[in-house]
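Trainee: Could we go through this structure together before I return to the bench? I would like to begin with the charged side chains and then move on to other topics.

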Amino acid sequence: MRTVDIITKKRNGEELSSTEISYLVNGYVAGQIPDYQISAWLMASYFTGMTAAETSALTWAMIESGEQFDLSSVSAYLVDKHSTGGVGDKTSLIVAPIVAACGLMVPMMSGRSLGHTGGTLDKLDAILGYKSQLTQAEFLTTLSQAGFAMTGQTKEIVPADRLLYALRDVTATIESIPLITASILSKKYAEGAKGFVFDVKFGSGAFMKDQSSALTLAKSLIQTARHLGRDSLALLTDMSFPLGYCVGNYLEVEECLRCLQYHGDGLYKIEWYQGHLKVEGISATLMELSLELASSMLLLSPKYQNRGLAMQACIDALTSGRALQSFASNIEAQGGNFDLLLAQKYTRRARIKHELYADQDGYLTDWNALAVGNAATILGAGRSKLDDQVLADVGIVFHFARTAKVLKDQLIAEVYAEDSDSLAKALPLLTSSVRIEHHKPNQRPVVAQVVYPE
């Protein structure tokens, strides 16, 4: 078998066998096939596409390139969710405690921020003492103690993904749906979950800019998960505006903490009546999506027979305080101090504060997610390159949700920065991201569509 023959076959639009795909992946990981040949194969795959069988074969070859977590000793149903990346998207820190409080277990392997989208690990690292890189033994212990565990990808887990992603990044092949699918699912499978809920985002702040592209990716993920013997479904969600009222690593942790300390006050209020969910308040988009994701995760398990029962269980876990207790248990199990986190609420901020005011009366029709995400990256909340360092305490706090009525000169947001230079660069993006108009806009649902296996 010659590498150049496989590349030629793919270039000509022919389907590769699982043996040929394994040969490429294993040869690259072993250092036997050079970057330039794998780059050629990636580009050929980008232009000619991959069949469902090829996507599954690639995913499996990537899984087998490294170790897998052995969670066979866990009796509870193991379920995880994956987001394709968004601005202010801190749902993992709310969803995992809710699902764990409902009797399932959530093994979660998360990533770091890159570009304008945030990363769960960077938020976790903002919790003082929290250990976000766990060994398999530590992962299993935390899972049994708290009901969920969160860790980053190790060098031993799916090394093919790390190598291929770096190459895709410099060869303009990131956008290939089959390659995206294999990258996501190889890591999720290796962490040991039996079911996956995919949060596939579209809009200005998302990787997929339109709902049609998001649907194509969702179907690819579900189909490949089924080939791997895993349960799954997907939610197509709107990422045209930030989720919740905070963007920035510690600030988002603080918002999650407040959301789990449910009071039914101005932060958000839940109404669940005759199968319809309504959430109002400044954290409404965050909590609506979190509850939809959590109930979808429950729905995959044999324990919950319909969405109504699953949603009611999630709301009960939240309002009873059991989800908050699960969150506290996880923080303590992974080295953090929950009491300290409570004590830091409202006090931990970067040293420079700047206030934004409304320039006219009207309704907030937009906080453009892409502009906000880019501004947060400039402040230091995200990274432009994988080796960039992030700052825990910088970010943006919004005082009003989209569609809210504001008055001229009213405070609408606070910006926190560590230096005046980054603040000066971020402010033009933030001011341009705000749109205030005289007519109240329609309230768009966060979840545009639920996609089930065919």
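**Salt bridges and other features**

Trainee: How many salt bridges does a search of the whole structure find?

Mentor: The search finds 22 salt bridges. Please keep in mind that this is a predicted model.

Trainee: Which residue meets Lys188 in a salt bridge?

Mentor: The partner of Lys188 is Glu191, and their side chains meet at 3.9 Å, N to O. Asp80 also belongs here, since Asp80, Lys188 and Glu191 are linked in a network of salt bridges.

Trainee: Are Lys188 and Glu191 buried or exposed?

Mentor: Lys188 is buried, with a relative accessible area of 4%. Glu191 is buried as well, at 0%. The cut-off for buried is under 20% relative accessible area.

Trainee: Why would such side chains pair at all?

Mentor: In general, side chains of opposite charge can pair when their charged atoms come close.

Trainee: What does Lys219 pair with?

Mentor: Lys219 forms a salt bridge with Glu454, at 3.9 Å from N to O. Lys219 is in helix α10 and Glu454 is in the segment after β15, so this pair ties together parts that are 235 residues apart in sequence.

Trainee: How accessible are Lys219 and Glu454?

Mentor: Lys219 is partly exposed, with a relative accessibility of 39%. Glu454 counts as exposed, at 78%.

Trainee: And which residue does Arg351 meet?

Mentor: The side chain of Arg351 meets that of Glu418 in a salt bridge of 3.9 Å, N to O. This pair links distant parts of the chain, 67 residues apart: Arg351 is in the loop between α15 and β9, and Glu418 is in the loop between β13 and α17. Arg351 is exposed, with a relative accessible area of 63%, whereas Glu418 is partly exposed at 29%.

Trainee: Let us return to α10. What span should its 17 residues have?

Mentor: Helix α10 covers residues 211–227, and at 1.5 Å a residue it should span 24 Å. Its end C-alpha atoms are 24 Å apart, which agrees with that expectation.

Trainee: Which residues of α10 are buried, and what do they pack against?

Mentor: The buried residues are Ala214, Leu217, Ala218, Ser220, Leu221, Ile222, Thr224 and Ala225. They pack against two helices, α4 (52–63) and α9 (177–190), and against the strands β4 (195–202), β5 (231–238) and β15 (447–451).

Trainee: What happens at the ends of α10?

Mentor: At the N-terminal end, Asp210 acts as the cap, with a side-chain oxygen 3.2 Å from the backbone nitrogen of Ser212. After the helix comes Gly229, which has a positive phi near 80°.

Trainee: Where else is phi positive, in a residue other than glycine?

Mentor: Gln274 is one example, with phi near 50°. Gln274 sits in the loop between β7 (269–273) and β8 (276–280) and is exposed, with a relative accessible area of 65%. Another example is Asp409, with a positive phi of about 70°. Asp409 lies in the loop between β12 (405–406) and β13, and Asp409 is also exposed, at 55%. As background, most residues other than glycine have a negative phi.

Trainee: A change of topic: where is Glu254, and what does it touch?

Mentor: Glu254 is in helix α11, residues 249–260. Leaving aside residues up to four places away in sequence, Glu254 touches Gln344, Lys345, Tyr346 and Arg349. Glu254 is buried, with a relative accessible area of 3%.

Trainee: Finally, the chain as a whole. How many helices and strands are there?

Mentor: The protein chain has 17 helices and 15 strands. Its radius of gyration is 22 Å, close to the 22 Å that the globule rule gives for 454 residues, so the chain is as compact as a globular protein of that length. The C-alpha trace spans about 70 × 45 × 40 Å along its principal axes.

Trainee: What share of the residues is buried, and how much surface is accessible?

Mentor: Of the 454 residues, 59% count as buried. The accessible surface comes to about 18,000 Å², and 51% of that belongs to carbon and sulfur atoms.

Trainee: And what share of contacts comes from residues 24 or more positions apart?

Mentor: Among contacts with a separation of 6 or more, such residues account for 77%.

Key. Residues are numbered from 1 along each chain as its sequence is written. Side-chain values use heavy atoms; hydrogens and water are left out. Helices (H or I, at least four residues) and strands (E, at least two) are DSSP runs, numbered from the N terminus. The expected span of a helix is 1.5 Å times one less than its number of residues. Buried means under 20% relative accessible area, exposed over 50%, partly exposed in between (1.4 Å probe, protein chains only). Contact means heavy atoms within 4.5 Å. A polar contact is a pair of N or O atoms within 3.5 Å; within protein, one must be able to donate a hydrogen and the other to accept it, and residues adjacent in sequence count only if both atoms are side-chain atoms. The radius of gyration is taken over C-alpha atoms; the globule rule is 2.2 Å times the number of residues to the power 0.38. Accessible areas come from the Shrake-Rupley method with a 1.4 Å probe; for residues, only the protein chains shown count as cover. A salt bridge is a side-chain nitrogen of Lys or Arg within 4 Å of a carboxyl oxygen of Asp or Glu.
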